[in-house]
Amino acid sequence: MTGLVTIVGLGPGEPRYLTPAASEALASATDLVGYGPYVDRVPERPGQHRHASDNRVELDRARFALDLAMNGAHVAVVSGGDPGVFAMAAAVFEAVENGDPAWRSLDIHVEPGITAMLAAAARVGAPLGGDFCAMSLSDNLKPWEVVEARLRAALAADFVVALYNPISSARPWQLGAAFKIVAETRGPDTPIILARAVMRPDERIGILPLSQVEAAMADMSTMVIIGASTTKLIERPDGKAPYVYTPRFYGVRP
């Protein structure tokens with residue numbers, strides 16, 4: 001008798017940002033599968049089996065979860081943020097497409113979560129209020145030439161750009177290269193949001209002009225949001241951080 005697979009978004013950090021549907025999926029699972037730190041975020045439950053693995057074995061993790069389900073398990077594959085945004089949902093469906101044909105008979109559900117760019121945007125105002133796009137700066141799964149071409153296209157179209165996976169110890173140069181590309185088309189006062197560990201105890205958020213931002217200010221836990229030409233700052237009294245928003249209209253207000 002086959003089981004099922006639910007790919008669960010844990011949200012950005014605090015349990016209160018986990019959706020009720022995601023909580024139900026976690027509670028009903030016989031097995032949890034995921035990257036170790038994400039599995040650790042889920043409270044332990046009697047009789048529930050936990051299968052933690054390294055961050056760079058997404059396809060192996062997906063295949064393992066599908067095999068568990070074929071043997072009757074109710075599997076929750078856990079991801080931070082939203083599982084469909086640079087996360088485990090794509091890996092699971094890639095495994096289904098290219099793996100055991102029997103996996104296609106499984107019931108696979110995706111429970112969405114609050115992804116990092118939405119959490120970061122909520123902390124500062126509404127920087128994603130106009131047209132925007134999301135990109136991963138990692139070149140682990142696609143060539144840097146593709147990353148650069150897409151970034152240039154997004155900037156030329158004047159999107160707000162949300163950058164996932166901006167920098168790591170193994171990829172120390174990409175964010176600096178991205179900022180140089182941004183400076184070719186955006187003004188020095190363009191707002192850059194650096195939101196680290198959003199909605200977690202060690203949260204740190206900075207709003208800086210492009211001319212003052214440095215790649216060293218970010219790490220792998222940082223979401224970087226690059227303002228469009230229309231993105232605005234609303235200054236506030238008493239040293240409070242400004243609100244950041246991008247109007248929904250473009251050019252002159254209709």
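Reader: In this predicted model, at what angle to strand 5 does helix 4 (residues 88-98) run?
Author: The coordinates come from a prediction, and the values below are computed from them. Helix 4 lies across strand 1, strand 4 and strand 5. With respect to strand 5, the direction of helix 4 makes an angle of about 165°.

Reader: Which strands stand at the edges of the open sheet with the order 3-2-4-1-5?
Author: This open sheet has five strands with parallel pairing. Because each of the two edge strands has a single partner strand, one side of each is left without a neighbour in the sheet, and these are strand 3 (49-53) and strand 5 (107-111).
The neighbouring strands of this sheet are turned against each other, with direction ignored, by an average of 20°; the edge strands, to return to the question, are strand 3 and strand 5.

Reader: Which residue of strand 4 is the bridge partner of valine 5?
Author: Strand 1 (residues 4-9) and strand 4 (residues 74-79) pair in the parallel sense over six bridges. Glycine 9 has its bridge partner in strand 4 too, namely serine 79. For valine 5, the bridge partner in strand 4 is valine 75.

Reader: Which residue of strand 4 stands opposite valine 33?
Author: Strand 2 and strand 4 pair in the parallel sense over four bridges. Strand 4 is mostly covered, since five of its six residues are buried. The residue of strand 4 that stands opposite valine 33 is valine 77.

Reader: Across which strands does helix 3 (residues 58-70) lie?
Author: Helix 3 runs at about 175° to strand 2 (31-35). The strands that helix 3 lies across are strand 1, strand 2, strand 3, strand 4 and strand 5.

Reader: Within what arc do the buried residues of helix 1 (residues 20-28) fall, seen down its axis?
Author: The buried residues of helix 1 are Ala22, Ala25 and Leu26. They line one face of the helix, because seen down the axis of helix 1 they fall within a limited arc, which is 100°.
On the other side of helix 1, Pro20 and Glu24 are exposed, while the cover over its buried residues includes strand 1, strand 2, strand 4 and strand 5. The arc asked for is 100°.

Reader: How many residues does the largest nonpolar core have?
Author: Val161, Leu163, Leu175, Ile192 and Val224 are the residues with the most contacts inside this core, and the number of its residues is 24.
The elements that give two or more residues to it are strand 7 (132-136), helix 6 (144-156), strand 8 (160-164), helix 7 (174-185), strand 9 (191-196) and strand 11 (222-226). A second, separate core of 19 residues includes Val5, Val75, Ala91 and Ala95, whereas the largest core has 24.

Reader: Which residues does leucine 175 touch, not counting those up to four places away in sequence?
Author: Leucine 175 is among the residues with the most contacts inside the largest nonpolar core. Once residues up to four places away in sequence are left out, leucine 175 touches Leu137, Leu163, Pro166, Ile167, Ala215, Ala218 and Val224.

Reader: By how much, on average, does the sheet with the order 7-8-11-9-10 twist from one strand to the next?
Author: This open sheet of five strands has mixed pairing. Its edge strands are strand 7 and strand 10 (204-209), each of which pairs on one side only. From one strand to the next, the twist averages 15°.

Reader: At what angle to the direction of strand 11 does helix 5 (residues 116-124) pack on the sheet?
Author: Strand 9 and strand 11 pair in the antiparallel sense over five bridges, and isoleucine 192 stands opposite isoleucine 226 in strand 11. Helix 5 packs on the sheet and touches strand 7, strand 8, strand 9, strand 10 and strand 11, its direction making with that of strand 11 an angle of about 70°.

Reader: Is glycine 251 buried or exposed?
Author: Glycine 251 lies in the segment after strand 13 (243-245). Exposed requires over 50% relative accessible area. Because its relative accessibility is 54%, glycine 251 counts as exposed.

Notes
Residues numbered from 1 in each chain as written. Predicted model: local features only at pLDDT ≥ 70, side-chain atom pairs only at ≥ 80, totals over all residues. Heavy atoms only, no water. Core = buried A, V, L, I, M, F, W, Y, C linked by side-chain atoms within 4.5 Å. Buried < 20%, exposed > 50% of the residue type's maximum accessible area, 1.4 Å probe, protein only. Contact = heavy atoms within 4.5 Å. Pairing = 2+ DSSP bridges. Axes fitted to C-alpha atoms, helices over the stretch in contact; angles between N-to-C directions. Arc of directions from axis to C-beta.
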